[in-house]
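Reader: I'm new to this structure and would like a close look at a single part of it. Could you take me through the nonpolar core and the helix that runs along with it?

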Amino acid sequence: MPKLWNETIAAHRHAVREATLDATAALVTEHGLLSVTMSRIAQETGIGRATLYKYFPDVESILTAWHERQITGHLEHLTAVRDQAGDEGERLEAVLTSYALMTHKRHGHHGTEVAALLHQGKHVARAHQQLRGLISDLLAEGAKAGDLRNDVASDELADYCLHALGAAGSLPSEAAVRRLVTVTLAGLGPPAEAVNPASADKEADDQEQHLHHHRRHGAH
């Protein structure tokens, strides 16, 4: 089969697949998951039902593919945000802000039934690991530069960031989301120098002796 013909078929299949994902997402958003059928998706996409079944076995598989496409797009966006920012601190702030705003906008776009379905897939766990790795690498860079705390492992701090910014989904405004990012970043700063208890006790004793000496000589 000629190469041009192969490329044309591949492009056609890709276009049908993308149109199917878009149509299904629109139908679920408008009518709810339970009201969406393969027949309705085929009609909305403009293809025959038999053709649709060649691409996907059921509605759930279409939604999973759509969700995977969404997540991949989000990760690509966060990677681009990282690459466009300046130093370590700016890159981290830019990525955390973008992630928090995504979480804020995503909240409420899908019903609980859809969310429960979509977040069961292996693609979600895989994407979460990629996101965690992206943030962990930025934290490690910041700690190495002395701008961020180095007393906690970067993977643990990445989990802290993701859990903290998960609250962005329930916040009322983007301004509130940005405040949450500021508070989260504040917890990543380098720790204050630890005070040696023995040194602290000695300093207190020295101050007490100095004060006693001053009072005694002051009495004369």
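Author: Let's start with a term: a nonpolar core is a set of buried Ala, Val, Leu, Ile, Met, Phe, Trp, Tyr and Cys residues joined through side-chain atoms within 4.5 Å. Keep in mind that this is a predicted model.

The largest nonpolar core here has 29 residues, and the members that touch the most others are L92, L96, I135, L139 and L188. Several helices feed this core: α4, α5 (88-106), α7 (122-144), α8 (154-165) and α9 each give it at least two residues. Set apart from this core is another one, made of 16 residues, including L21, M38, F56 and A65.

Now zoom in on I135. Leaving out residues up to four places away in sequence, I135 touches L92, V95, L96, A158, C161 and L162.

Next, follow α5 itself. This helix has 19 residues, and from its first C-alpha to its last it reaches 27 Å, close to the 27 Å expected at 1.5 Å a residue. At the N-terminal end of α5 you'll find D87 acting as a cap, with a side-chain oxygen 3.2 Å from the backbone nitrogen of G89. Which residues of α5 are buried? They are R91, L92, V95, L96, T97, S98, Y99, A100, L101, M102, T103 and H104. As for what covers them, the list includes α4, α7, α8 and α9.

Two of those covering helices are worth a stop. In α4, which covers residues 59-84, sits L63. L63 has a relative accessible area of 2%, so it counts as buried. Its C-alpha is 9.6 Å from the C-alpha of D22, though L63 and D22 are 41 residues apart along the chain. Over in α9 (residues 174-186) you can spot T182. T182 is exposed because its relative accessible area is 53%, and the cut-off for exposed is over 50%. T182 also pairs up in space with a residue from elsewhere in the sequence: E93 is 89 residues away along the chain, yet the two C-alpha atoms are 8.6 Å apart.

For another threonine, look at T45 in helix α2 (residues 38-45). T45 is at 18% relative accessibility, so it counts as buried; the limit is under 20%. The T45 side chain reaches the backbone oxygen of I41 at 2.7 Å. Not counting residues up to four places away in sequence, T45 touches V16, A19, T20 and A23.

Technical notes. Residues are numbered from 1 along each chain as its sequence is written. This is a predicted model: local features need pLDDT of at least 70, side-chain atom pairs count only at pLDDT 80 or more; totals for chains, interfaces and linings use all residues. Side-chain values use heavy atoms; hydrogens and water are left out. Helices (H or I, at least four residues) and strands (E, at least two) are DSSP runs, numbered from the N terminus. Buried means under 20% relative accessible area, exposed over 50%, partly exposed in between (1.4 Å probe, protein chains only). A polar contact is a pair of N or O atoms within 3.5 Å; within protein, one must be able to donate a hydrogen and the other to accept it, and residues adjacent in sequence count only if both atoms are side-chain atoms. Contact means heavy atoms within 4.5 Å. The expected span of a helix is 1.5 Å times one less than its number of residues.
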